[in-house]
Amino acid sequence: DFKTSFSGPFSPQLFSTMSFHNLKSFHAPTGHLLSKTLNKSRCRFFHSHCRKSIHKCSPLNAHSQRPSFAPLRQHPFQTSFYFSKRPYHILFFGTDHFALETLKALHKHCIQSGNKNDSLHVITPPDSSHMRKQVVHPVKRYAIENGLFFVDVPHERRWPKDLKDLRTFIAQSRKVDVFNEEASGEKAPTTRQIRPEEVPSHFDVGVVVSFRYLVPQFIVQQFKVGAFNIHPSDLPKYRGPAPLVWTLANGEHSTRISFIQLFSKFDHGTVVHQSPPIEIPSNEMYASLYSRIAKTSAEMSVHFINGHSKEELKKLLQPCESAETLEATDYIPASEKHPFAPKINQEKHCFVSFHDNTSTEILNKFRAFSQHWNLHTTVHGKTLYIHKMCPITDTEELEEIEQKFSSVAAPGEVIFNKKRKNVYVQCADGQALTLQEVQYAGRRQTNSEGFAAGLSLRHNQRKLLTEK
């Protein structure tokens, strides 16, 4: 009977962790007895497979208190994946390397959970051109290499006006099936149009990371659970396209990662989740912070989706009906007290003046901008680009420079140390910085010795570099 065959260790929780093929190894009458303890949905799944494969069922083992299992191959899909909750159909919006880390984490989780690639679709901007060459964005390249469904955003951000269903738009997506080797020996991807049966009937969750475009509201409203955007700043501070750059440029000592609802304005959604404060060392450069925040955001996105039930996610991500009420109460206030993170203008934001800026301000700008842009200043009417600079950390060198730069030294004065092969410049706060590699506009890049030779500087000679 039931008590004799399944005494003690068997439970519905144990049944939920058995593999898909092991379900077929149970005896069908035993499944009938199990229907008294398991819920209806699990019993319905159990009986359907027992009826289909009753000829494959192995007999009960008389020497054991459990049914014997047939020696079938262990299936990677766990029954908890089928029984506990249906897998989410995720639509990912992203472009650059920051978004790529989150896409990798979601894709890896889909594979580990037993989901196929058809549960993850990608929307990415079209290819850009640089120096007459077509440049494929990192997110799109990853989708091509891993066989994910992807679709390009229409040019000039013109979403189709007749879009009634998100599925209609996704049906235009493509997937890479094979790689054809050309005469050059390189592998070229071959894409095909997605089949209608491969498109999900709906999407549950939308994930937006560094997408550059504003996702239309009629698309946001079609997600069954909701959609969220990952913004690498302590919102409402640093709303805008370059939060990490301005976090370093303003000398912040910590930052956060914010998950917000999608709204009709950039970075104006309700904050639904935030990370603990992430410390920023005083000497950390932009590339290091960018990589560190990107990996942390990727881990947080997986935990955020899996750490909440469907009802909890829907409650967090679904906005209220009244947009006016949202903007007045729940949404991030547009306050002038919070710093903004605008797009970088090299001529305006990357200019430094040794008369007006302190050494800390110049170093913070160098940490933030030097990855993609060069700081520049004016020397005798010419533009000087600073490729490499650093503070003076050696104690002996610092004492020596302080002696050379007396209290009467004016900001903007430079001095050349031939022994150390360095050029030092005085800043507005009386502290000196080391100029290691510079370049005049239209000239070649040079080191400190070449720069000193161009200024006709001798050993320990001082000269005014810029005039206020």
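## A salt bridge between two loops

Glu-252 and Lys-237 join through their side chains in a salt bridge, with N and O 3.5 Å apart. The two partners sit in distant parts of the chain, 15 residues apart: Glu-252 is in the loop between helix 11 and strand 10, while Lys-237 is in the loop between strand 9 and helix 11. Keep in mind as you look around that this is a predicted model.

How exposed are the two partners? Glu-252 has a relative accessible area of 21%, so it is partly exposed. Lys-237 is at 26% relative accessibility, so it also counts as partly exposed.

## A second pair in the loops

Now turn to Asp-234, which forms a salt bridge with Arg-256; their closest N and O atoms are 3.6 Å apart. This pair, too, links distant parts of the chain, 22 residues apart. You will find Asp-234 in the loop between strand 9 (226-231) and helix 11, and Arg-256 in the loop between strand 10 (254-255) and strand 11 (258-261).

Asp-234 counts as partly exposed because its relative accessibility is 27%. Arg-256, at 23%, counts as partly exposed as well.

## A network around Lys-140

How many salt bridges does a search of the whole structure find? The search finds six. One of the pairs is Asp-152 with Lys-140, whose side chains meet at 3.2 Å, N to O. Asp-152 lies in strand 5 (residues 149-152) and Lys-140 in helix 8 (residues 138-145), so this salt bridge ties together parts that are 12 residues apart in sequence.

Is Lys-140 buried or exposed? Lys-140 counts as buried because its relative accessibility is 6%, and the cut-off for buried is under 20%. Asp-152, at 21% relative accessibility, counts as partly exposed. There is a third member to meet here: Asp-127 is linked with Lys-140 and Asp-152 in a network of salt bridges.

## Helix 16, mostly covered

Finally, have a look at helix 16, which spans residues 359-369. This helix is mostly covered, with eight of its 11 residues buried. Among the buried ones are Ile-362, Leu-363, Phe-366 and Phe-369, and also Ser-359, Asn-364 and Arg-367.

What do the buried residues of helix 16 pack against? Their helix partners are helix 11 (243-249), helix 12 (286-306) and helix 15 (346-349). They also pack against strand 14 (375-379), strand 15 (382-391) and strand 18 (432-440). You have met helix 11 already: the loop holding Lys-237 lies between strand 9 and helix 11.

Technical notes. Residues numbered from 1 in each chain as written. Predicted model: local features only at pLDDT ≥ 70, side-chain atom pairs only at ≥ 80, totals over all residues. Heavy atoms only, no water. Buried < 20%, exposed > 50% of the residue type's maximum accessible area, 1.4 Å probe, protein only. Helix = DSSP H or I, 4+ residues; strand = E, 2+ residues; numbered from the N terminus. Contact = heavy atoms within 4.5 Å. Salt bridge = Lys/Arg side-chain N within 4 Å of Asp/Glu carboxyl O.
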